[in-house]
Amino acid sequence: MRCFTASFGAETNTFSPMLTSREGYRERLHVGPGEHPEQPTLYAAPLWVARQRKKTHGWDVVEGSCFAANPAGNTVKADYEAMRDTILDELRAALPVDFVLLGLHGAQVADGYDDCEGDLLARVRTIVGPTVPVGVELDPHCHLTQKRVAAADVIICYKEFPHTDSIERAEELADIVSAQAAGKVKPVMSVFDMRMLNGFPTSRQPMRGFVDKIMGLEGKDGVLSISVAHGFAFGDVPEVGARMLVVTDDRKEFGDALAEKLGRELWDLRHELKPPGLPIDAALDRAVSRNQGTVVVADGADNPGGGAGGDSTFILRRMIERGITEAALGPIWDPIAVRMCFNAGEGTRFNLRFGGKVAVTSGQPIDATVTVTKLVRNATQTFGREVRAVGDAAAIDVDGIAVVLITNRIQALGTDLFTNLGIDLAQRRVVVVKSTNHFFAAFGPMAEEVLYTDAPGPLPRDVRTLPYTKLTRPKWPFDENPWG
Ligand SMILES: [Zn+2]
């Protein structure tokens with residue numbers, strides 16, 4: 001079995017003020033054939049699995065390039081086209097192949113391309129022809145467009161949010177696509193548009209139970225795979241929204257009916273899927289009223305993992321004003337402040353201005369007398385099996401609040417974001433994280449309670465406040481009954 005595999009991913013927040021150039025990919029993952037690190041990375045899980053199959057199944061694996069950027073605004077057109085064409089040239093050079101496995105994000109937008117993955121996959125299909133199986137793994141925060149469904153044979157999304165299962169899903173993709181290449185199965189995809197924008201964290205009910213349920217349906221009645229494409233509400237593209245995807249072994253009608261049935265079940269649960277958001281002061285009231293343990297408060301509106309600046313100061317300002325101590329907050333993306341802390345040195349107390357720089361949605365900077373408690377060059381944090389760079393980092397104490405300042409814009413993923421900088425979270429009553437839900441995998445188990453705030457920011461909980469121009473209606477919550 002000869003397989004070509006490559007990866008290309010960016011989650012594009014089209015409302016973000018920060019564009020993504022090739023530099024943004026170099027910051028996260030930008031490697032040529034054979035250069036992918038040995039440890040797995042989120043979007044390139046299919047490549048990592050193909051490497052294992054080379055050892056266990058004797059696959060002849062041709063690796064292409066892997067490009068991934070941290071979430072931000074549109075990818076610059078020329079850079080998108082150049083990286084895309086690099087992968088396509090590598091595929092042409094690899095022919096003939098028995099199948100193709102690609103790890104993509106699914107919500108990548110470039111100037112002039114609302115559907116980057118659809119564009120890439122249509123070109124891949126033209127190159128390999130109609131009969132070579134093309135399998136794709138996507139982040140569930142994707143736009144599951146008709147173009148990409150038409151161009152690929154099998155699409156599988158991660159089931160978990162936090163995304164802890166990219167390897168398992170890539171293994172399923174490898175199983176199904178290689179079986180197709182061997183003539184053992186004939187995958188067909190069925191898609192149902194749920195006509196809504198919503199959040200689907202699987203760390204809580206009812207989504208937890210729903211994911212367990214669909215996993216129980218796989219492997220029976222010819223059902224090969226079921227994915228919930230959550231959609232990515234912060235990408236203003238025509239086909240933004242949640243979709244149900246069922247892959248069957250040549251049972252199109254059955255798959256269509258199952259996709260609709262499951263999609264309508266989630267539609268009926270739409271008001272319960274996203275956790276309630278508390279205003280900042282209500283969240284802080286609740287957090288400090290606890291007498292034991294640590295309360296984790298999520299600032300999803302300023303989540304760098306959704307394309308935000310990660311430097312907003314609204315919650316921190318209220319914590320300082322209220323005199324909340326034994327607290328921690330992070331990360332705040334502010335490379336200039338980090339540099340000033342390194343200049344000051346560990347143990348130094350000085351006046352620092354930090355945060356509140358990227359956009360109006362970041363709020364005003366904080367001016368405070370701070371103590372530099374720890375400095376780490378090239379700091380990291382872990383997310384599942386992945387080690388993610390946060391760059392040079394500084395921990396400062398602001399009136400009893402430990403704040404982590406970082407150089408690489410990234411959300412809070414692992415508790416080691418704090419502990420690597422000498423902050424013991426067990427000693428903190430309140431821990432505020434810049435993250436929508438990925439934090440939950442590591443911070444959930446240590447938290448007495450997890451709260452979600454309704455702070456201002458570029459990823460508002462009420463998406464009706466965003467200036468969409470391309471979104472297709474009717475769609476909930478813009479339209480109360482898009483089926484009427
Ligand atoms: Zn995602």
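**Strands, burial and domains**

Colleague: How do you know that strand 4 (residues 99-104) and strand 5 (residues 134-138) pair, and in which sense do they do so?

Modeller: They are joined in the parallel sense over four bridges, and because two strands pair if DSSP finds at least two bridges between them, strand 4 and strand 5 qualify with their four bridges. Within this pairing L101 stands opposite G135 of strand 5. Strands here are DSSP runs of E with at least two residues, helices are runs of H or I with at least four residues, and both are numbered from the N terminus. This is a predicted model, in which local features need pLDDT of at least 70 and side-chain atom pairs count only at pLDDT 80 or more, whereas totals for chains, interfaces and linings use all residues. Residue numbers start from 1 along each chain as its sequence is written.

Colleague: What makes strand 2 (29-31) and strand 6 (154-157) edge strands?

Modeller: The open sheet is formed by six strands in the order 2-3-1-4-5-6, with mixed pairing, and strand 2 and strand 6 are its edges, since each of them pairs on one side only. From one strand to the next the twist averages 20°, where axes are lines fitted to C-alpha atoms and angles run from 0 to 180 degrees between N-to-C directions.

Colleague: Why is strand 7 (residues 187-193) described as largely enclosed by the rest of the structure?

Modeller: Seven of its seven residues are buried, so the description follows; a residue is buried if 20 or more other C-beta atoms, placed from the backbone, lie within 10 Å of its own, exposed if 12 or fewer do, and partly exposed in between. The two faces of strand 7 are both covered, with P187, M189, V191 and D193 buried on one side and V188, S190 and F192 buried on the other. Strand 7 also pairs with strand 9 (residues 243-249) in the antiparallel sense over seven bridges, and in strand 9 the bridge partner of V188 is T248.

Colleague: Why is A242 called buried, and why is K147 called partly exposed?

Modeller: A242, in the loop between strand 8 (223-229) and strand 9, has 28 other C-beta atoms within 10 Å, so A242 is buried. K147, which belongs to helix 5 (residues 146-151), has 16 other C-beta atoms within 10 Å, so K147 is partly exposed.

Colleague: Which residues are in contact with A242 and with K147, leaving aside neighbours within four places in sequence?

Modeller: Contact requires C-beta atoms, placed from the backbone, within 7 Å; on that basis A242 is in contact with M194, M196, N198, A229, H230 and G231, and K147 with D115, G118 and A122.

Colleague: What makes the 155 residues a nonpolar core?

Modeller: They count as one because a nonpolar core is a set of buried Ala, Val, Leu, Ile, Met, Phe, Trp, Tyr and Cys residues joined through C-beta atoms within 7 Å. This is the largest nonpolar core, and L245 and L405 have the most contacts inside it. Domain 1 (2-273) and domain 2 (280-460) each contribute at least three residues to this core.

Colleague: Where do the bounds of the two domains come from, and how far apart are the C-alpha centres?

Modeller: The bounds come from an automatic or database domain assignment, and the C-alpha centres of domain 1 and domain 2 lie 31 Å apart. Across the boundary, 22 residues of domain 1 are in contact with 20 residues of domain 2.

Methods: Two residues are in contact if their C-beta atoms, placed from the backbone, lie within 7 Å.
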